[in-house]
Amino acid sequence: MLSFLVRRMITATITIVVTVAVIFIITRKLGDPIAFMLGPRATPEQINFFREKAGLNDALGLQFLNYLRDLVSFDFGESISTGRSVSSEVLLYLPATLELVTFATLTGLIIFVPLGVYGASRRGSLIAKICDGVVTLGVSIPSFWLGLFLIFIFYYILELAPPPFGRVSGSSNVESVTGFLTIDSLIVGNVSALLSALSYLALPCLTLALTSCVPILKLTKEMMVSVLKSPYIRTARNLGLPEREVVWKLAFKNALVPILTLSAMTFGFLIGGSVLVETVFSWPGIGLYAVQSMYKLDYAPVLAVTIIATVSFVFVYFLVDLISAIVDPRIRAKS
Amino acid sequence: MTSKSDLNEGKFQVSRRDLLKSAGIFGVAFASVPLLSACGIGEEAGVSGSGSKVLNLGISGDPSVLDPAKGQQEIANMLMKNTYAQWTDYEEIEVGDGNKRSDTTKVIGDALESITVEDGGLTIRCKVREYTFPSGNPVTADDFIYTVERTLALKYGSIFVLNVIGVTDSSQVKKVNDMEFTITLPAPSPIVGGMLHDQTMGVLDSVALKENAGSDDAWGEQYLTTNSLGGGAYTLKEFVSGTKIVLESNPEYHREEPFFTSVNMQIIPDPNTRALLLKSGEIDVATGISLASASRLVGEDGIDVVQIPSRLQNFMGLMANKAPFNNKKLRQAVAAALPYDQLSSETLYDLASPPTGIWPTNAPAAVPQDNNPFVTDIDKAKQLLAEGGQPNGFSFDCEVSTADDDAKTLSVAVKSALAEVGITMNIRELAPAIYQENLNAKSMQSWIQTNLVDYVDDPYYHLFLWFTSTSVLNWFAYNSPALDSVAKKLANELDDGKRASLATEAQKILNDDVPLIVLAEPKYVLCVRSDISGVLQEPDGLLRIRSLIRE
């Protein structure tokens with residue numbers, strides 16, 4: 001087990017460093033953020049003055065080494081366009097994305113895993129057919145379109161949903177502790193703020209769940225179908241075990257590992273991949289922060305978000321490997 | 001023995017029980033969403049409605065900066081315009097429906113009580129208005145002098161404003177007493193009043209800034225990344241990055257208190273969402289709406305699409321230092337081939353007017369010329385192509401920014417029109433920063449950009465900014481010794497009659513040379529709820545919140 005963990009950590013570290021290096025080089029080749037920051041009336045002397053000040057005239061290798069050195073102390077540098085510390089800006093935006101993605105993934109799991117299990121155990125039924133339809137629709141519909149559609153229906157027509165900006169209503173005074181407004185509301189016992197935060201989360205979470213988490217439904221159904229065909233399941237049924245026990249206690253446990261893996265990968269992907277939904281719902285997350293920085297060729301925020309997304313993905317994947325090894329004795333034995 | 005799975009496999013069975021179960025499962029799963037959303041009912045983002053003194057404004061993103069010395073981005077400039085007092089202002093003219101525009105021929109004081117020109121234009125005497133900053137510190141000559149020193153020392157974009165009127169050293173600004181100072185210029189400048197209205201000339205509370213600046217932050221740059229120290233109509237109450245900005249009216253401001261005592265600027269990146277929120281009444285003003293979206297709001301219940309004639313222009317730049325547009329005949333041919341009436345009425349939804357020449361029609365110095373190149377004449381276009389050595393047409397690339405929706409729309413219409421005379425235009429859409437870099441490097445063959453305007457409405461400034469061989473915005477590599485000569489004469493000419501004559505001469509030269517094409521002259525368009533009026537159209541196109549009222 002220890003060697004398994006060490007191997008995984010080495011792989012993770014290499015992945016992160018290579019990713020950072022590639023993004024570092026690519027962003028610097030795309031253009032000059034100083035010219036954009038100073039505006040069209042800037043002279044070449046002004047541009048050069050600020051490039052020197054920001055260290056952008058140094059050799060690329062030196063810039064990268066300086067960046068890595070600062071990264072060790074979790075210093076993501078300074079935004080060229082705002083002059084603010086990227087670390088502090090990331091701390092403002094990251095909790096919003098984590099909260100959104102966590103709830104979206106949970107929503108996906110809560111809705112799609114039971115549906116997938118039910119659809120697999122009732123093959124040929126209406127529910128199974130509907131599940132297939134939901135999967136097809138979910139992977140086909142663009143997330144920004146679905147988001148706008150849900151806003152139009154639930155906010156504009158039915159007047160059920162709150163307006164698509166902000167994370168909580170203006171009248172809810174929630175002091176930020178973790179940055180997760182749902183948890184912060186619970187901490188102080190502010191029920192109305194909690195409900196408000198959940199209401200603002202509802203539509204963006206549903207949008208992400210329906211478009212990004214829907215493969216969980218397909219995988220659950222397929223895994224369960226495959227496992228339910230196994231000889232030991234037939235034996236269990238023949239021995240007269242209740243169907244519910246056969247499905248949930250025997251079959252589901254064996255289908256769980258790949259479902260967990262996919263869920264974790266989805267979560268990791270969504271940390272950097274929810275930008276369209278964040279834009280449509282004016283959700284102040286790091287995806288939006290990165291895109292707006294990219295428009296200005298502001299390297300530091302783009303790099304910071306890339307690192308966070310990569311580290312999150314790698315960490316989650318590592319965690320899933322670990323849990324899989326614990327849950328499935330065959331993986332433990334192999335490793 | 002048959003198992004349940006064997007019985008179910010391969011058969012599509014729809015029993016009543018199945019239907020009920022399906023409805024139940026999916027109903028519970030997806031009905032939870034609207035139920036959860038409904039927890040938000042009754043809670044409002046801001047208090048709006050009849051008589052409400054709270055204005056809800058939808059903006060597209062964060063202001064990059066709060067420091068006037070660094071102002072470049074539109075949202076940042078708008079914020080500074082409303083939270084800082086500028087040195088000067090303009091008188092206002094009613095344009096109907098309760099809306100107004102600035103009279104750029106009449107400069108008045110804002111933070112300055114008066115500004116007088118002496119010594120043949122070499123000395124500008126500035127008298128400071130008596131009022132205080134929100135901190136309680138009185139506004140004094142020291143604050144103006146500090147603002148100049150800081151701008152020159154930091155060297156950000158705002159230095160342009162001072163340099164262009166001839167101020168390059170802080171020793172040129174001298175204190176006479178606490179409420180008066182002078183600026184010494186190397187040569188008379190006709191644009192001093194207009195330049196000092198720039199939002200980057202917001203007057204800083206120097207006492208408060210020096211108190212709050214850290215020991216390693218001599219000019220308070222770090223402090224001003226998250227704070228505002230102006231004495232404008234509003235103060236910055238709250239700034240939640242990525243979410244909202246809240247302003248409160250400044251009781252110390254020297255003008256009467258604005259109608260809206262509180263302003264919530266909600267950050268709503270998607271323009272479609274902003275338009276929807278305006279329709280629902282959640283916001284009172286939606287900024288950054290393209291003309292296409294604005295046209296769909298015209299006639300909507302509860303919405304006014306305010307349209308005020310402006311000096312805005314949509315340009316198609318033609319690079320004069322490389323083929324094909326180093327050939328004047330080909331530039332003229334492209335100009336003659338475009339359907340200007342159609343571009344304004346159809347492509348831009350009648351929210352623009354056709355151009356009458358290179359000069360903005362609504363500029364006071366504009367004089368209709370008989371050599372207006374922007375008249376559609378297909379036969380003339382073909383003749384010019386032949387004269388230019390391209391009787392069968394030619395092809396070129398045209399770059400537009402992905403952030404400029406109207407430019408993208410125009411590029412398609414222009415491409416289509418040019419195809420009819422055999423000219424092939426390839427549209428290249430670029431990310432904003434890369435587009436801007438290409439503009440600065442003049443690496444394009446042509447480009448289209450919309451809503452361009454000089455912040456100062458003056459013929460010298462217009463030439464200085466765009467058309468001389470050394471102009472910073474000469475993004476088309478135009479080089480005309482004749483035009484340079486006119487600009488040089490205008491630079492220090494204070495006589496109105498002579499200035500008008502020189503401006504006319506410049507217009508003739510430009511119309512003949514066609515360094516760029518004015519595709520259309522858009523109106524200043526602002527989408528507001530119908531109970532909002534008092535929109536003030538400023539030369540810089542920035543929204544002035546203090547003039548707005550709710551009926």
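A residue is taken as buried here if 20 or more other C-beta atoms lie within 10 Å of its own. With that cut-off in hand, helix H8 of chain A, residues 181-188 of this predicted model, makes a good starting point. Its buried residues are A:Leu181, A:Thr182, A:Asp184 and A:Ser185. Around the helix axis they cover an arc of only 165°, and therefore they sit on the same side of H8(A). The cover over these buried residues includes two helices of chain A, H5 (86-121) and H9 (191-212). Just after H8(A) comes A:Gly189, whose phi is positive at about 70°.

Further along chain A, helices H14 (residues 286-295) and H15 (residues 299-327) offer a helix pair to look at. Two packed helices are described by the angle between their axes and the distance between the axes. For H14(A) and H15(A), the axes come within 8 Å and cross at roughly 145°, and the crossing is left-handed. On the H14(A) side, the contact is made by A:Ile286, A:Tyr289, A:Ala290, A:Ser293 and A:Met294; facing them in H15(A) are A:Pro301, A:Val302, A:Val305 and A:Ile308. By character, the residues of this contact comprise 8 nonpolar and 1 polar, with no charged residue.

A single residue of helix H4 (residues 60-72) in chain A, A:Phe64, is also worth a visit. Because A:Phe64 has 16 C-beta neighbours inside 10 Å, it counts as partly exposed. Leaving aside residues up to four places away in sequence, A:Phe64 touches A:Ala21 and A:Phe24. By contrast, A:Leu195 lies 131 residues from A:Phe64 in sequence, and their C-alpha atoms are 45 Å apart.

Turning to chain B, 4 strands form an open sheet with antiparallel pairing, in the order S4-S5-S7-S6. Strands S4 (112-118) and S6 (173-177) of chain B stand at the edges; each has a single partner strand, so one side of each is left without a neighbour in the sheet. From one strand to the next, the twist averages 20°. In general, strands of a sheet pair through backbone hydrogen bonds, either parallel or antiparallel. Within this sheet, strand S5 (residues 123-128) and strand S7 (residues 180-184) of chain B pair in the antiparallel sense over 5 bridges. One residue pair to pick out by eye joins B:Cys126 to its bridge partner in S7(B), B:Phe181.

Note on methods: Residues numbered from 1 in each chain as written. Chains lettered and ligands numbered in written order. Predicted model: local features only at pLDDT ≥ 70, side-chain atom pairs only at ≥ 80, totals over all residues. Pairing = 2+ DSSP bridges. Axes fitted to C-alpha atoms, helices over the stretch in contact; angles between N-to-C directions. Buried ≥ 20, exposed ≤ 12 C-beta atoms within 10 Å, placed from the backbone. Contact = placed C-beta atoms within 7 Å. Arc of directions from axis to C-beta. Left-handed = near helix turned anticlockwise from the far one by under 90°. Nonpolar A, V, L, I, M, F, W, Y, C, P; charged D, E, K, R; others polar.
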